[in-house]
Amino acid sequence: MGNLVEVKVPDIGDFKDVEVIEVLVKAGDTVAREQSLITVESDKASMEIPSSHAGRVKAMRVKLGDKVSEGSVILELEADEFAAAGNPPRPPFAKGGSEPRQAASPPFEKGQNSSAAPTTDQAFQVTVPDIGDFKDVEVIEVLVKPGDRIDKDQSLITVESDKASMEIPSPAAGVVQSLSVKIGDKVSQGSPILTLATSEAAAAAPRPAPSSAPRPTASPSATTSPPSTAYAVDMVARPEVTASAGAIPHASPSVRKFARELGVDLTRIAGSGPKGRITHDDVREHVKRALSGVGRPAAAAAAGAAVGGLNVIAWPQVDFAKFGPIERVEMSRIRKLSGPNLARNWVMIPHVTNHEDADVTELEAFRVQLNKESEKSGVKVTMLAFLIKACVAALKKFPDFNSSIAPEGDAIIRKNYWHIGFAADTPNGLVVPVIKDADKKGIFEIAQETAALAAKARDGKLAIGDMQGGTFSISSLGGIGGTYFTPIINAPEVAILGVCRATTKPVWDGKQFVPRLILPLSLSWDHRVVDGAAAARFNAYLASLLADFRRVLL
Ligand code: COA
């Protein structure tokens, strides 16, 4: 039997209390030296911690969600005799496990800029900074293109070793003139990334520290000085991933590698891990679904395919340029992501839409009065807040509308929480942020939250968590116009309410026509879960709540 050793979190900078987001081994496993044991994550980076010894795992000492720091014991290992005196594992971007660590600013440590920015407006080359003695690290993402106006510290490229991924930010603001790298290139310290023309904004922006400024190091032995010709920049790791505009998939290096091996585009996957992180299982599930044809994008259908048991004939292939001038416009990331989801939902869910009119004359008068009274508070109540509250009341009365079909397809999972999503139109496409626990919130709180989430959506800053957990959705086109439409159900939800613009219409009161403000409602529902009579009752009840909002209290 080998020596019993405790494998600990090594020195990877001065980070502390970092969360364990993956445990990659278990008791009984045989591990090799340098094999990844756990993945830890700060708000800036994820990193795998390799084993300092080879041997057999006797007992795990950490679990998912634990917070660890340098020295925390990860596991107990029966180390192989001859390898028992293992060296500390090397950091993800350093070479040579036994050598003292060089001056790397690891992902958990934000280094300072360490060389001068241009002093006059001019073009200059941005290079890969000093991040230790790593070499030939692969460029896995290029985040800017020629012509882009970029800010200081904006991420330019993502590089990845087999253990960590990091973004390289810009040392200055300016306009990208030309790129010197592409995806798949191998770069090292000093490799040119791009040529940047500094702008007025850059001239006004605070200059990075001069090249003589000391750079924080990963260990006291660090001695590397910054390159004199390049604008050395600090390495910051990827930001928290969101599915919002321009967002980068949130996944650990091993998941990224796994996805690359399988040819999976991570931007197409919604992560199920903490903070929306994509896990190995998410990638596996995605591959399974792709193989079974579910959610197959139009491109795959081009050749004709079996989608969800249906034989889809080939997509028409037309050379449009033969008939007139054309222009190709790339789809935004959101559109690329939402398209296949919408197509799957439309094809897989037997949609029916019921329409209803709600008389909101009194409610609108109340809304206007509320807004007058609370003018100074800065919170503006729109019809959406009332709709959310009324929908919660209707969902409580008709719980099947607040449910999902069980994965096995043989049961309905009713949810005893009411998280209401609302479609928000953004320059990059449609997103659906969610008001959590809408049943527990008042009209003002909901109005404030919808406005804040809508603003975040428009700025492309929604986190995955802002869009998860919805039980029912509302798509309001009320601020734009229209009469009725057929909203597509946001799976795995089973119903969605579409709302159009309220207009004043003549309504017969038994004696005469009177002008009333009428709000058009369109409820799409999944016929596998509810039927037409229930939908008509739901709609009628919802309309009655909106006509007399006091009923929401009953
Ligand atoms: N009838 C009449 N007027 C309405 C209305 C309705 N049903 N709903 C909103 N309005 C009014 C508002 O009161 C506001 O008027 P004001 O500026 O005079 O005060 C104006 O329209 C603009 O409202 P809006 O900014 O849209 O606020 P909102 O709270 O109603 O909606 C969002 C917020 C995020 C839902 C909305 O901005 C949005 O993005 N809608 C598009 C959703 C979409 O694209 N769905 C399609 C999915 S297929």
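**Strands and salt bridges in a predicted model**

Four strands make up an open sheet, ordered S9-S16-S14-S11, with antiparallel pairing. This is a predicted model, where local features need pLDDT of at least 70, side-chain atom pairs count only at pLDDT 80 or more, and totals for chains, interfaces and linings use all residues. Residues are numbered from 1 along each chain as its sequence is written, and side-chain values use heavy atoms, with hydrogens and water left out.

Student: Why do strand S9 and strand S11 stand at the edges?
Tutor: S9 (123-127) and S11 (149-150) each have a single partner strand, so one side of each lacks a neighbour in the sheet. A strand is a DSSP run of E with at least two residues, numbered from the N terminus.

Student: What makes strand S14 and strand S16 a pair?
Tutor: Two strands pair if DSSP finds at least two bridges between them. Five bridges join S14 (residues 174-179) to S16 (residues 192-198), so the rule is met.

Student: Why is the contact of Lys441 and Glu449 called a salt bridge?
Tutor: The term requires a side-chain nitrogen of Lys or Arg within 4 Å of a carboxyl oxygen of Asp or Glu. For Lys441 and Glu449 the N to O value is 2.8 Å, so the contact qualifies.

Student: Why is Lys441 called buried or exposed?
Tutor: Buried means under 20% relative accessible area, exposed over 50%, and partly exposed in between (1.4 Å probe, protein chains only). Lys441 has 15%, so Lys441 counts as buried. Glu449, at 22%, is partly exposed.
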